[in-house]
Amino acid sequence: MAALPETPDAYPSGEEQVAPPEDSKWYVIHTYSGYEKKVKKNLEHRIDSMGMKDMIYQVVVPVENEIEIKNGQRMPVEKKMFPGYVLVNMIELREGDESSNQAWFVVRNTPGVTSFVGSGTRPVPLLDREVKAILKQTESEPARVKPTFTRGQNVRIIDGPFAEFIGVVDEVSPERNKVRVLVSFFGRETPVELDFLQVEKL
């Protein structure tokens with residue numbers, strides 16, 4: 001089973017981590033939205049205080065980075081990929097197995113955890129391909145600019161040859177960080193392609 005990337009948010013600080021065994025599984029736990037990092041901290045504390053490091057290996061809140069444009073400045077923001085969910089790498093949970101019961105109890109009774117994701121009352125681990133997809137997204141995705149413009153919106157151009165012109169957003173291309181604005185120029189509407197940083201909302 002692949003391990004998620006070792007981001008600063010993946011482990012308790014200042015501790016050496018032992019690689020999870022090959023047969024470990026990734027489970028998803030449901031939390032109250034907005035409490036994901038609190039639950040991660042609570043669970044890591046319980047793992048440490050209850051001596052469960054040989055059964056529960058990693059607690060991860062998958063995030064991706066975005067860039068928000070605020071007052072003409074690029075501001076990095078962390079966006080949770082799955083709001084209300086936390087990933088836990090642990091021993092495989094099997095019915096009637098004492099170790100499984102202990103690990104399940106520690107996770108399930110962590111403050112803020114509402115349930116395991118699964119079929120009925122039985123937790124179901126993530127598939128390898130699902131873990132790999134999350135891993136790929138958290139590892140290789142560059143920070144994306146969060147689009148704050150919508151088609152038909154009035155904007156002011158603040159940079160470039162058309163600075164101070166007022167226009168209307170015609171098209172937004174978040175993957176290119178570009179916006180096409182219709183500007184009235186010599187009595188006719190002219191499309192101008194601009195970077196997100198070159199325009200501001202009115």
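**Two nonpolar cores and their surroundings in a predicted model**

F185 is partly exposed, with a relative accessible area of 28%, where partly exposed denotes the range between buried, under 20% relative accessible area, and exposed, over 50%, as computed with a 1.4 Å probe and the protein chains only. The structure is a predicted model, in which local features need pLDDT of at least 70 and side-chain atom pairs count only at pLDDT 80 or more, whereas totals for chains, interfaces and linings use all residues. Residues are numbered from 1 along each chain as its sequence is written, and side-chain values use heavy atoms, with hydrogens and water left out.

F185 lies in strand β12, strands being DSSP runs of E with at least two residues and helices runs of H or I with at least four, both numbered from the N terminus. When its neighbours within four places in sequence are left aside, F185 is in contact with F162, F165 and T190, contact meaning heavy atoms within 4.5 Å. F162 is 23 residues away from F185 along the chain, and the C-alpha atoms of the two are separated by 9.6 Å.

At the level of the whole protein, three helices and 14 strands are found, and 36% of the 202 residues count as buried. Among the contacts with a separation of 6 or more, 61% join residues that are 24 or more positions apart. The accessible surface, obtained by the Shrake-Rupley method with a 1.4 Å probe, comes to about 12,100 Å², and carbon and sulfur atoms account for 49% of this surface.

The confidence of the prediction is expressed as pLDDT, given for each residue on a scale from 0 to 100. The protein averages a pLDDT of 83, and 83% of the residues score at least 70. Confidence is highest in α1, at a mean of 96, and lowest in strand β9 (residues 144-145), at 65. Over residues 1-16 the pLDDT is below 50, and this stretch has 41 contacts in the model beyond near neighbours in sequence.

The buried nonpolar residues were grouped into cores, a nonpolar core being a set of buried Ala, Val, Leu, Ile, Met, Phe, Trp, Tyr and Cys residues joined through side-chain atoms within 4.5 Å. The largest such core has 22 residues, and those with the most contacts inside it are I29, L43, I56, M90 and A103. Two or more residues are given to this core by each of β1 (25-31), α1, β2 (56-60), β5 (85-90), α2 (98-108) and β6 (113-116). For I56, the contacts that remain once neighbours within four places in sequence are set aside are with I47, V88, N89, M90, A103, V106 and V107. Apart from the largest core lies another, of twelve residues, among them I157, F162, V183 and V199.

Helix α1 (residues 36-49) has 14 residues, which at 1.5 Å a residue should span 20 Å, and the distance of 20 Å between its end C-alpha atoms agrees with this; the expected span is 1.5 Å times one less than the number of residues. In α1, the buried residues are E36, V39, K40, L43, E44, R46 and I47. These residues cover an arc of only 160° around the axis, and therefore lie on the same side of α1, the arc being that of the directions from the helix axis to the C-beta atoms. The exposed residues K38, K41, H45 and S49 are carried by the face of α1 turned away from its buried side. G51, whose phi is positive, near 65°, follows α1.

In α2, S100, A103, V106 and V107 are buried. Their arc around the axis is only 130°, which puts them on the same side of α2. The buried residues of α2 pack against β1, α1, β2, β5 and β6.

Several loop residues were also examined. The loop between β10 (154-157) and β11 (166-173) holds E164, which at 58% relative accessibility counts as exposed and has a phi near 80°, a positive value in a residue other than glycine. G160 is found in the loop between β10 and β11 and is partly exposed, with a relative accessible area of 34%. G160 and D195 are 35 residues apart in sequence and 10.0 Å apart in space, C-alpha to C-alpha. N177, in the loop between β11 and β12 (178-185), is a residue other than glycine whose phi is positive, near 60°.

R74, in strand β4 (residues 73-80), counts as partly exposed at 36% relative accessibility. Although R74 and L197 are 123 residues apart along the chain, their C-alpha atoms are separated by 7.8 Å.
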